[in-house]
Structures are given as structure tokens and as C-alpha cells.
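These are my notebook entries on a single protein chain. I set down what I looked up, in the order in which I looked.

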Amino acid sequence: MTSRLRTTLAGAAAAAAVVVGAAAPGFAAPAPNPAPNPVIASVDWKNVAHAVSGNFTSPTGGERRDLFIVLTDGSASILKGSAHEDAKAPFSSKVQVAPAGSYWKNAAALSNSNVQPNSKGLDGLTVRWNTGKISTYATASETGFGEERALTYGWTNARSISVGRHSSNGLRDDMVVVWLDGSMSTYTDVWDNGVSKETQITKAEPVMVGTQLTSGSLTNRDRDDLILRWTNGMSGVMAGFQTNGSYDQDFDLRAPGSAWKYAQIMAAGSFGGGPAQDLLVRWADGNLSYYVDVDATGTHSEVQLVG
């Protein structure tokens with residue numbers, strides 16, 4: 001484990017210890033949005049189990065990202081990125097790609113990915129199923145799913161997974177896993193190597209148990225950033241994170257005890273117009289919002305979509 005990562009985790013542990021037993025601050029939701037966008041309103045966000053951004057509808061890729069969502073009933077849909085400038089209308093249409101009761105009800109963790117140079121601009125998905133099987137679909141689109149490749153079986157202790165561009169080949173095909181005991185590992189070029197190229201980043205770390213991972217390009221480096229949200233609400237970014245555990249810079253997004261303890265789903269992508277990446281959050285009460293143009297200076301304005 002790199003010394004900088006060790007310092008980061010030690011700081012998180014110390015901060016967690018400070019807030020143990022303290023009264024949790026109330027969750028103050030932003031002002032209600034009286035007229036939600038009809039595409040967003042068509043989704044029962046409280047029952048969304050997974051949501052990941054990506055380019056699932058246009059080979060050329062627009063400035064705004066699509067969103068692939070899975071509901072607890074097993075239905076799955078793609079919300080297509082919008083071309084207009086309304087910050088509260090990031091999606092223009094919804095296409096259901098799997099009905100209620102489909103095999104997607106067995107998805108336990110989900111990440112977007114881009115694993116093939118010949119994917120024609122479309123992103124894919126990497127899934128941990130409740131059986132412990134890890135699958136990668138080369139592409140995901142409105143017409144269905146591309147080639148599926150099973151990476152491994154029996155990973156029932158893999159809790160959070162995130163796939164990003166964390167090595168040198170330019171593809172988002174490197175997987176980061178936080179395990180049940182709080183240990184963290186990376187796997188390089190999973191489409192070609194499966195899970196054979198493992199690097200253990202941390203051993204069991206109590207502070208890492210339940211940590212939520214998201215990969216994204218917030219700081220425009222040649223490696224994606226790794227976004228971590230601890231269960232106590234502390235959240236931060238390891239900029240330019242690599243599969244060997246090194247990174248260029250780390251910065252905090254939220255302090256321990258923050259309302260981000262209620263963030264159940266996080267997705268990095270461009271939702272507000274323009275190429276800079278935003279951070280979309282589905283909260284525990286079903287509210288939905290995103291933070292505009294997140295970068296090394298932190299989060300900026302928040303756009304409330306639901307709630």
C-alpha cells in the first residue's frame with residue numbers, strides 16, 4: 001500500500017473515531033423542484049437499485065451521458081442524454097431494455113466499462129451477480145447487450161466494484177474492488193486477463209468496510225480518478241488512480257458526518273451540458289441530484305432533479 005493511501009485511510013479512521021456516538025446531523029434536502037422533467041418523473045427513483053453513466057446510445061457520443069438504471073423489480077432502462085441546455089433535464093427519453101422480473105434483479109453491484117477498442121464508441125457494463133459471478137458486457141445499448149464474458153465466479157464477498165481507465169492502454173477496463181472485510185484490490189485489463197492480474201492495495205481495513213467506489217474523469221488526467229464515499233459520509237477523490245495503488249493527488253469532497261452518508265448511488269458523468277464531469281447522487285429517500293463540474297476544488301452548484 002502506498003504511503004499516501006495509508007495516510008488517507010489513517011485520516012479517515014481518525015475522523016470516523018471522532019464522530020462515533022455523535023448526534024447525526026439532519027438530512028437537509030434542497031428546495032423542492034415543482035416541475036420535474038417528464039423523463040425523470042417516469043422513474044421510481046426510490047426503487048432504483050443501480051445507476052451508471054456512459055455512452056449507450058450514440059457511437060459518436062454526445063456531450064451529455066446516458067444513464068443505465070436497474071430497478072429492484074429487475075427492469076432495466078437507458079435514459080438517453082439530452083442535447084438541450086436545461087440543467088434540470090439531462091435526459092431526453094427512456095428506453096426499457098429489460099422487463100420487470102428479468103435477470104437484472106440478480107445484479108448486486110454494477111459499473112460501466114469500455115473494454116474493447118472496436119466497441120464503436122459504445123460503453124459496456126461490468127456486473128457482480130448475487131451468485132458471485134462477475135460478467136462484463138462489451139457493449140450495452142437500446143437494442144440489447146453485446147458479447148458477455150465471465151471474469152470469475154464465487155465472488156460473493158466483493159461489495160463495491162468500479163471499472164475505469166486506471167492503466168496505460170486507454171480503455172476503461174481496470175477493476176477496483178472493495179471486499180466485505182474492507183480490503184481493496186485492483187485487476188488490470190479484465191477483458192483480456194480476467195482477474196489474473198491482481199494487486200492488493202490494502203489489507204482488511206475497518207474504515208473501508210462498506211465504502212462505495214466510482215471511477216470518473218473529474219480532473220482530466222490520463223488515468224481516471226477514483227471517488228470514495230465512506231459510510232460515515234466522508235467522501236474524497238484519488239486523482240489519477242492507478243492499478244498499483246498510486247495516484248497524483250487526493251482531495252476531500254465531504255467531511256465525516258456529512259449528509260453524504262445518505263448517498264446510496266453515485267455516478268460520474270456529464271449531465272449538465274458541456275464536457276466537464278458532474279457527480280449524480282440518488283439519496284436514501286429517493287431524491288436525485290447532481291453536482292456540476294466537480295474538480296480538484298470540490299463540488300460546486302447542486303441541481304435538484306427529484307425531491
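**Entry 1: the chain as a whole**

I began with the contacts: of those in the chain with a separation of 6 or more, 44% are between residues 24 or more positions apart. I note here that the model is predicted. I then looked up the secondary structure and found three helices and 22 strands. The chain has 307 residues, and buried residues make up 55% of them.

**Entry 2: the nonpolar cores**

I turned next to the nonpolar side chains. In soluble globular proteins, such side chains tend to be buried together. Here the largest nonpolar core holds 20 residues, and those touching the most other members are Trp45, Val48, Leu67, Ile69, Leu79 and Phe91. I listed the elements that give two or more residues to this core: α2 (38-41), β1 (48-54), β2 (66-71), β19 (263-269), β21 (288-291) and β22 (302-306). Strand β2 provides the largest share, three residues.

I took Trp45 as the residue to follow. Beyond its neighbours within four places in sequence, Trp45 is in contact with Ile40, Leu67, Ile69 and Leu79, and also with Arg282, Gly286, Leu288 and Val306. I also recorded a second, separate core of 16 residues, with Ala76, Ala107, Val127 and Ala140 among them.

**Entry 3: Ala107**

I followed Ala107 from the second core. Ala107 lies in strand β5, and I class Ala107 as buried because its relative accessibility is 12%. Not counting residues up to four places away in sequence, Ala107 touches His50, Val127, Arg128 and Trp129. I also looked up its separation from Lys133: the two residues are 26 apart along the chain, and their C-alpha atoms are separated by 9.7 Å.

**Entry 4: the largest pocket**

I asked which residues lie nearest the centre of the largest pocket. They are His50, Leu110, Ser160, Gln212 and Gln264, out of 29 lining residues. The volume of this pocket is about 580 Å³. Strands β1, β5 (107-113), β11, β15 (212-216) and β19 each supply at least two residues of its lining. By class, I find 13 nonpolar, 13 polar and three charged residues in that lining.

**Entry 5: the second largest pocket**

The second largest pocket contains about 340 Å³ of space. Its lining has 23 residues, and Arg65, Asn112, Asp123, Arg172 and Gln277 lie nearest the centre. I noted β1, β11, β15 and β19 as strands that each supply at least two lining residues. The lining divides into three nonpolar, 14 polar and six charged residues.

**Entry 6: Asn112**

I looked further at Asn112, one of the residues nearest the centre of the second largest pocket. Asn112 is in strand β5. Is Asn112 buried or exposed? Its relative accessible area is 12%, so Asn112 is buried, the cut-off being under 20%. The side chain of Asn112 reaches the backbone oxygen of Ser53 at 2.5 Å. With neighbours within four places in sequence left aside, the contacts of Asn112 are Val52, Ser53, Gly54, Phe56, Gly124, Leu125, Val163 and Arg172.

**Entry 7: Ser162**

I then moved to strand β11 (residues 158-164), where Ser162 lies. Ser162 counts as buried because its relative accessibility is 2%. I found a polar contact of 2.8 Å between the side chains of Ser162 and Ser215. Leaving out residues up to four places away in sequence, Ser162 touches Ser111, Asp174, Met175, Val176, Leu213, Thr214 and Ser215.

**Entry 8: positive phi values**

I closed with the backbone angles. Most residues other than glycine have a negative phi. I noted Asn220, whose phi is near 60 degrees, a positive value in a residue other than glycine. Asn220 is in the loop between β15 and β16 (225-229), and Asn220 counts as exposed because its relative accessibility is 67%.

I entered Asp293 as well, with a positive phi near 50 degrees. Asp293 is in the loop between β21 and β22. I class Asp293 as partly exposed because its relative accessible area is 31%.

Note on methods
Residues are numbered from 1 along each chain as its sequence is written. This is a predicted model: local features need pLDDT of at least 70, side-chain atom pairs count only at pLDDT 80 or more; totals for chains, interfaces and linings use all residues. Side-chain values use heavy atoms; hydrogens and water are left out. Helices (H or I, at least four residues) and strands (E, at least two) are DSSP runs, numbered from the N terminus. Buried means under 20% relative accessible area, exposed over 50%, partly exposed in between (1.4 Å probe, protein chains only). A polar contact is a pair of N or O atoms within 3.5 Å; within protein, one must be able to donate a hydrogen and the other to accept it, and residues adjacent in sequence count only if both atoms are side-chain atoms. Contact means heavy atoms within 4.5 Å. A nonpolar core is a set of buried Ala, Val, Leu, Ile, Met, Phe, Trp, Tyr and Cys residues joined through side-chain atoms within 4.5 Å. On a 1 Å grid over the protein atoms alone, a cavity is a set of points where a 1.4 Å probe fits but cannot get out, and a pocket is an open set with protein on both sides within 12 Å along at least five of seven lines; lining residues have an atom within 4 Å of a point. Grid points are joined across faces, edges and corners, and a volume is the space filled by probe spheres set on the points. Ala, Val, Leu, Ile, Met, Phe, Trp, Tyr, Cys and Pro count as nonpolar, Asp, Glu, Lys and Arg as charged, and the others, Gly among them, as polar.
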